[in-house]
Amino acid sequence: MPIDANLAISAEPRSGEITWDHKDVQLYHLGLGAGVPATDPDELRYTLESRLHVLPSFATVAGAGMGMMGGLAAPGIDVDLAAVLHGGQSIRLHRTIPVRGRARTTARVAAVYDKGKAAVLVLRSEATDDDGPLWTSDAEVYVRGEGGFGGERGPSARLELPERAPDRTVERHVREDQALLYRLSGDWNPLHADPEFAKLAGFDRPILHGLCTYGMTLKAVADTVLGGNVTRVRAYRTRFAGVAYPGETLRIRMWRQDAGVRVAVSAVERDDAPVLADALVETV
């Protein structure tokens, strides 16, 4: 079996140093579709260096290579990228992410679950700078065809949507070139750019990165329910329930709750097919 769960979990964490500055943050924001309209003061917070704040989901791409893709290179992990799907993502912010930074990161396989027809890897990345912890990021990665090894099945809790109308609903268009721009932040999986590779993975065309949808959704929550204040975000988790394609429109429904904001995302053109589910933005 290409996955040796015991070896993967017991392996020493991979560590390294990452740096970022305003250009990395601006590129990430542009990859999420920020900057439309270009002169909108609310959008300039994402695109103009003199007004810049950092959307917390930037943690998923800072120092690209130490997170999900780095975890797939861990000892005991030998998988075909065409069999890999990003199943879920969570981040927890310990402090506001600065526009310019330097941090030490560790990346490790925190868990390996057996879902029968697939294995699920929990790839954990933690970042710390001179002032202490910055963030913890967990990526849940499904590897099709690698289950059935008798391991623990793992958690499967689902969050029920409130039985009332959403407090806010917005739609966000995915540009045709958005996956090509987003991948410049470090996720080079050809699934998001190469039509032939996408067909090998079972899709008729390249799909949008799940983490791009993840970031677009958090931006929508911050810009609407949170009044543009990204420092109110303390944690954010979701399950990737389906794919989105460049050129589609995302419908983002939001419900205010005591713990934060519950969110559901669907693809408008495909009869509201689910894209993100079990999503919760924890706030202060």
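Okay, let's start with a term: two strands pair if DSSP finds at least two bridges between them. Helices and strands here are DSSP runs numbered from the N terminus, with H or I over at least four residues for a helix and E over at least two for a strand.

Quick word on where this comes from. This is a predicted model, where local features need pLDDT of at least 70 and side-chain atom pairs count only at pLDDT 80 or more, while totals for chains, interfaces and linings use all residues. Residues are numbered from 1 along each chain as its sequence is written, and side-chain values use heavy atoms, leaving out hydrogens and water.

So, the sheet. It's an open one with 10 strands, in the order S1-S3-S4-S5-S2-S7-S10-S9-S8-S6, and the pairing is antiparallel. Strand S1 (14-20) and strand S6 (168-173) are at the edges with a single partner strand each, so one side of each has no neighbour in the sheet. Neighbouring strands are turned by 20° against each other on average, direction ignored; for angles like that, axes are lines fitted to C-alpha atoms, for helices over the stretch in contact, and angles run from 0 to 180 degrees between N-to-C directions.

Now some pairs. S2 (residues 84-93) and S5 (residues 132-144) run antiparallel, joined by 9 bridges, and Ile-91 stands opposite Ser-137 in S5. Helix H7 (residues 210-224) packs on this sheet, touching S2, S6, S7, S8, S9 and S10, and its direction makes about 135° with that of S7. Contact, by the way, means heavy atoms within 4.5 Å.

Let's stay with S10. How many bridges join S7 to S10? There are 6, and the two run antiparallel, with Arg-237 opposite Leu-280 in S10. S9 is joined to S10 by 7 bridges, also antiparallel, and there Arg-262 stands opposite Leu-280. S9 and S10 make a hairpin with 5 residues between them, where Asp-271 in the turn has a positive phi of about 55°.

Is S10 mostly covered or mostly open? Mostly covered: 9 of its 11 residues are buried. Buried means under 20% relative accessible area, exposed means over 50%, and partly exposed is in between, using a 1.4 Å probe and protein chains only.

A bit of backbone next. Most residues other than glycine have a negative phi, and most peptide bonds are trans. Asp-272, in the loop between S9 and S10, has a positive phi of about 60°, and at 34% relative accessibility it counts as partly exposed. Asp-278 sits in strand S10 with phi near 55°, and this residue is buried, at 11%. Elsewhere, the peptide bond from Val-36 to Pro-37 is cis, with omega near -5°, and Pro-37 lies in the loop between H2 and H3.

On to H2 (residues 22-31), whose buried residues are Val-25, Gln-26, Tyr-28, His-29 and Gly-31. Their cover includes S1, H3, H5 and H7.

Last stop, the lining of the largest pocket. S2 gives the most, with 6 residues. The lining divides into 13 nonpolar, 8 polar and 11 charged residues. For that split, Ala, Val, Leu, Ile, Met, Phe, Trp, Tyr, Cys and Pro count as nonpolar, Asp, Glu, Lys and Arg as charged, and the others, Gly among them, as polar. A pocket is an open set of points on a 1 Å grid over the protein atoms alone, where a 1.4 Å probe fits, with protein on both sides within 12 Å along at least five of seven lines; lining residues have an atom within 4 Å of a point.
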